[in-house]
Amino acid sequence: MSENRAVFVTHRTRRGRRDDVHSIWARHMQLAIERNPDHLIYAYTFDPSDPDVIHAFQLYSTAEAAASFLTTDPYLAYLTEVDGLLIDTEVTVGDEVWHKPNHD
């Protein structure tokens, strides 16, 4: 089994605020994720059946890397700015067993 840690996040935003949360995410998180070698896979998605829901899937190199990212300046700035825009956040983690390799 791999040491990789999967993180599944679901955010429910206040009505009509999903685009605002996405803009804040893009400003603080996107570049930090792109530059983080421990983020092996990251997908940020909108729920097509609910205009106030965001789903994100992350695959980190280790559980420690996943925990460490939560202490970074971009993540903390993101949390500060989305405070009040989110109604609920659900986080589930898993230990990766397999994933399809990326063939760039």
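Which residue in strand 3 does Ile-41 stand opposite? In this predicted model, the partner turns out to be Leu-59. Strand 2 and strand 3 run antiparallel to each other, and seven bridges hold the pairing on record between them.

Stepping back to the whole sheet, there are four strands in an open arrangement, ordered 2-3-1-4, with antiparallel pairing. Strand 2 and strand 4 sit at the edges with a single partner strand each, so each of them has one side with no neighbour in the sheet. Going from one strand to the next, the twist averages 10 degrees. Helix 1, spanning residues 18-28, packs on this sheet and touches strand 1, strand 2, strand 3 and strand 4. As for its orientation, the direction of helix 1 makes about 155 degrees with that of strand 2.

Then there is the matter of open space. The largest pocket has a volume of about 390 Å³, and 24 residues line it. Nearest the centre of this pocket lie Val-9, Gln-58, Leu-70, Tyr-75 and Val-91. Several elements give two or more residues to the lining: strand 1 (5-13), strand 2 (39-46), strand 3 (53-60) and strand 4 (86-95) from the strands, along with helix 3 (63-69) and helix 4 (73-82). In terms of chemistry, the lining of the largest pocket breaks down into 20 nonpolar residues, three polar ones and one charged.

Technical notes:
Residues are numbered from 1 along each chain as its sequence is written. This is a predicted model: local features need pLDDT of at least 70, side-chain atom pairs count only at pLDDT 80 or more; totals for chains, interfaces and linings use all residues. Side-chain values use heavy atoms; hydrogens and water are left out. On a 1 Å grid over the protein atoms alone, a cavity is a set of points where a 1.4 Å probe fits but cannot get out, and a pocket is an open set with protein on both sides within 12 Å along at least five of seven lines; lining residues have an atom within 4 Å of a point. Grid points are joined across faces, edges and corners, and a volume is the space filled by probe spheres set on the points. Ala, Val, Leu, Ile, Met, Phe, Trp, Tyr, Cys and Pro count as nonpolar, Asp, Glu, Lys and Arg as charged, and the others, Gly among them, as polar. Two strands pair if DSSP finds at least two bridges between them. Axes are lines fitted to C-alpha atoms, for helices over the stretch in contact, and angles run from 0 to 180 degrees between N-to-C directions. Contact means heavy atoms within 4.5 Å.
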